[in-house]
Amino acid sequence: MKILAKLAAGLLVAASFMAGAANAQTVLRSSDTHPDGYPTVEAVKYFGELVKERTGGRYAVEVYHSAQLGEEKDTIEQVRSGVIELNRVSMAPFNGTVKESIVPALPYLFRSEDHMHKVMDGAIGDQIKKAFEGAGLVVLAYYDAGSRSFYNKQKPITSVADMKGLKFRVIQSDIFVDMVAALGANATPMPYGEVYSAIETGVIDGAENNFPSYDTAKHFEVAKNYSLDEHTILPEVFVMNKAAFDKLTPEDQELFRQAAKDSVAKQRELWTAKVNESRAKVEAAGAKITTPEKQGFIDAMKPVYEKHVTDPVLKKMVEDVRAVQ
Ligand code: GTR
């Protein structure tokens, strides 16, 4: 009896150990500058749910929204060094690190959001993904961020001439600094979280972003003139630390890629709804939306291309983007 009991107890311990091992969960941390409920935050949460479900709970994702882990530039360093495993950021802060990421940040290169989707979902999108690996990152998905336009607290912008002398915060990329200079205005790259008070106190006159960011960061409260110049259709990237990705089994890697792909459809749907909601909200709150004479903006961008698209790889990529119908 005693021996049997001992055996049974031993089996129980072994069984619970095995169950414990099966339940062991690796929690992956992901950063986002946006508040809870924002389409990118929701898309990464959805990715996490799919991963958890499809791995039988072996992996889970925790999304730290609202810049809890820091501003984008800092969290990019965190994900590259492996302090965090995942990150959802804009493409532009990578412009100085991943040469190929310059292409989707170029002003007026994409003709429409549809054109951007075709490019990023195709061979050029894959080429950019490959280039991110050199920076220690695996691109899991490209998400939508609509188009970026200028807004300011001084006056409505109806043509390039109105831009003269205004001070704008731009996203942290030289392309954007030069874009603003080419329009006769002054650019200050600064972290997203500092923009509201910088506009409020008059350090800058305005910034540039899409409607959901203009809304959720509350910039519409301090800069009421939004001019729909739509200078870039800049996608977001959802990246994973490459060493962490390489540690996954090939099956899990495929599962992660598929979950990310599934989250793209979800994000695009949420994005479209959010743009409409945010636009209506800021207008109701008194934002004045104007549509400036766009050709002037397009023509002014020549020096930006001359300065940043000199490398043969980038020249070819720009040609390839233009050829995508
Ligand atoms: C938003 C983007 C953020 C952040 C922000 C900015 O459109 O979703 O990731 O890059 O712009 O301007 O800093």
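**Group meeting: rings, helices and one buried threonine**

Let me start with the aromatics: F47, Y59, Y143, F238 and F256 are joined into a cluster by ring pairs. Before I go on, keep in mind that this is a predicted model. Across the structure there are 12 aromatic pairs. Take Y214 and F220 as one example: their ring centres sit 6.3 Å apart with the planes at 70 degrees, and planes over 60 degrees apart count as edge-to-face, so that's what we call this pair. Y214 and F220 are both buried, too.

Okay, zooming out for a second. The chain has 325 residues, and 50% of them count as buried. In secondary structure we have 13 helices and 11 strands. Measure along the principal axes and the C-alpha atoms fill a box of roughly 95 × 45 × 30 Å. And if you take the contacts with a separation of 6 or more, 76% of them are between residues 24 or more positions apart.

Back to that cluster, with two of its members, F47 and F256. Those two also turn up in the contact between α2 and α10, with F47 on the α2 side and F256 on the α10 side. So how do α2 and α10 run relative to each other? The axes of α2, residues 39–54, and α10 come within 8 Å and cross at roughly 150 degrees. Anything over 145 counts as roughly antiparallel, and therefore that's how we describe α2 and α10. The crossing of α2 past α10 is right-handed. As for who takes part, α2 brings residues including Y46, L50 and R54, and α10 answers with a set including L255, D262 and W271. Split by type, the residues of this contact come out as 12 nonpolar, four polar and five charged.

α10 shows up again with α4, the helix at residues 113–120. The buried residues of α4 are H115, M116, H117, V119 and M120. They pack against α10 (250–284), and also against α5 (123–133), β4 (137–143) and α13 (312–323).

Last stop, T232, which is in strand β9, residues 225–232. Is T232 buried or exposed? Its relative accessible area is 1%, and under 20% counts as buried, so buried it is. Now look across to S147: T232 and S147 are 85 residues apart in sequence, yet C-alpha to C-alpha they're 5.4 Å apart in space. Skipping neighbours within four places in sequence, T232 is in contact with G146, S147 and R148, with A105, L106 and P107, and with F176 and M179.

That's my tour, thanks.

Methods: Residues are numbered from 1 along each chain as its sequence is written. This is a predicted model: local features need pLDDT of at least 70, side-chain atom pairs count only at pLDDT 80 or more; totals for chains, interfaces and linings use all residues. Side-chain values use heavy atoms; hydrogens and water are left out. Buried means under 20% relative accessible area, exposed over 50%, partly exposed in between (1.4 Å probe, protein chains only). Helices (H or I, at least four residues) and strands (E, at least two) are DSSP runs, numbered from the N terminus. Contact means heavy atoms within 4.5 Å. Axes are lines fitted to C-alpha atoms, for helices over the stretch in contact, and angles run from 0 to 180 degrees between N-to-C directions. Angles under 35 degrees count as roughly parallel, over 145 as roughly antiparallel, 65 to 115 as roughly perpendicular and the rest as oblique. A crossing is left-handed if the near helix is turned anticlockwise from the far one by less than a right angle, and right-handed if clockwise. Ala, Val, Leu, Ile, Met, Phe, Trp, Tyr, Cys and Pro count as nonpolar, Asp, Glu, Lys and Arg as charged, and the others, Gly among them, as polar. Rings of Phe, Tyr and Trp (its six-membered ring) pair if their centres lie within 6.5 Å; planes under 30 degrees apart count as stacked, over 60 as edge-to-face and the rest as tilted.
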